[in-house]
Each structure stands twice: as structure tokens, then as C-alpha cells.
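Colleague: Got a minute to go through this model with me? I want to know what backs up each label.

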Amino acid sequence: MQILQTLQERSNNSCELCGSKDNLSQYTIPPSLNETVDNSLLVCQTCLNQINEDEDMDANHWRCLNDSMWSQYVAVQIMAWRMLQRLRAEGWPQDLLGMMYLDDEALALAKETGEDKDDSEKIIHRDSNGAILEAGDSVVLIKDLKVKGSSMVAKQGTAVRNIRLDHENAEYIEGKVDGQNIVIITKFVKKL
């Protein structure tokens, strides 16, 4: 609750992307494993639905990024960059992307969801049933897995929440099991 209060104070109770004051909620940028003020932002329901692709993209709604991309907060900058990447076929987002600057660490985090790649270039992670896995999804282990380099065994039926994707190998995801970050092979998980 404290993160939400801090976000409300820093944004003056406004969506940090479009400025709306209605239906605000906390959004943690994927693939963050922990919610912090530094990797979260306050967004309205309209922005959230389009970020999560629950609604079709309304390119005109996102013209607000012309202002929000200059935010002093890295999480806002990263989401602005990701949304501009999604919209780059519209033309005008290319101009904004050309002006935008992210430091190396922020740019690497922004690229973790593959927004800057065409669909043909993206690595697609699939679970044991062929369902597409996205950063931030929750999965369940379908068999006991011995964790290399430790005596730990991740038990069948263990839920792994807020997974991260390996952007070089479609068979690897990362997640926390019993408080320890581990790499899991996708053929041993089922999406929740």
C-alpha cells in the first residue's frame, strides 16, 4: 500500500502516462520480480487495458507520450518507450523515439519484453501445452525439478509467479521458487 501512496504523491494523483485522474492503479513494469517505487507507475484504466492488450490500441490516445517520455522517473520513461515501439508503424512515434534518451541500464530493461522487435524476430516462449508465455505470467511446475548447483528440489505443483523470459532462448524462463531465483525449462511448466 505504501508504494501506491508514494506513486499517488509523486504523480499528483494523475496517470503518469496520459494525465487522466480517473480509475488509477499501480502498474509494475514487467519483468520485475518485486514491486518497488522505482519499477512501478500510476496508470489509468484506459492505459492499462491497452498496455495489457485487453483493448485495441488507440494511437491518438498515446499522443500523450510526447510529454510523459520526458518524465524524471525511469519506470515512466521505459513504459513510454515500449508503447512508442508498439506504435512505431504509425509514423509519428518514430520521431519521438529518435528524440528519446534512456541510459544503458534502462534501455536494456525496456528491451526485455521485445517491443522493439518485429513479430517475426521475437522469440516465443511456450509452456508444455503450447500456450504462449509472457513476462509476468504465472506458471506451475508439472514435475519435480532438481535445481542445479544446489540441493533444492522444486516440487511438482509449485506455482511460480511473475516469470521473466530469456530473450536469447525460447526454452528458458526465470522465476522465484522458495525465495531463490532459478532458470526453468519451459517444457516442465504449465501456464496458470
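**Strands, bridges and charges**

Modeller: Sure. Keep in mind that this is a predicted model. Three strands, in the order E9-E10-E11, make an open sheet with antiparallel pairing. Strand E9 (164–165) and strand E11 (180–185) are the edges: each has a single partner strand, so one side of each has no neighbour in the sheet.

Colleague: How do you know that E10 and E11 pair?

Modeller: Pairing takes at least two bridges, and strand E10 (residues 172–177) and E11 have 6 bridges, in the antiparallel sense. For instance, Val177 has Gln180 in E11 as its bridge partner.

Colleague: What makes Arg10 and Glu16 a salt bridge?

Modeller: The cut-off is within 4 Å, nitrogen to carboxyl oxygen, and their side chains meet at 2.8 Å, N to O. The count of salt bridges comes to 3.

Colleague: Why is Glu16 called buried?

Modeller: Buried means under 20% relative accessible area; Glu16 has 12%, so buried is the label.

Colleague: And what links Asp137 and Lys191?

Modeller: A salt bridge, with the closest N and O atoms 3.3 Å apart. Asp137 lies in the loop between strand E4 (132–133) and strand E5 (139–141), and Lys191 in strand E12 (residues 189–191), so the pair ties together parts 54 residues apart in sequence.

Colleague: Why does Asp137 count as buried, and Lys191 as partly exposed?

Modeller: Asp137 has 17% relative accessibility, so Asp137 is buried. Lys191 has 32%, which falls between the 20% and 50% cut-offs, so Lys191 is partly exposed.

Note on methods
Residues numbered from 1 in each chain as written. Predicted model: local features only at pLDDT ≥ 70, side-chain atom pairs only at ≥ 80, totals over all residues. Heavy atoms only, no water. Helix = DSSP H or I, 4+ residues; strand = E, 2+ residues; numbered from the N terminus. Buried < 20%, exposed > 50% of the residue type's maximum accessible area, 1.4 Å probe, protein only.
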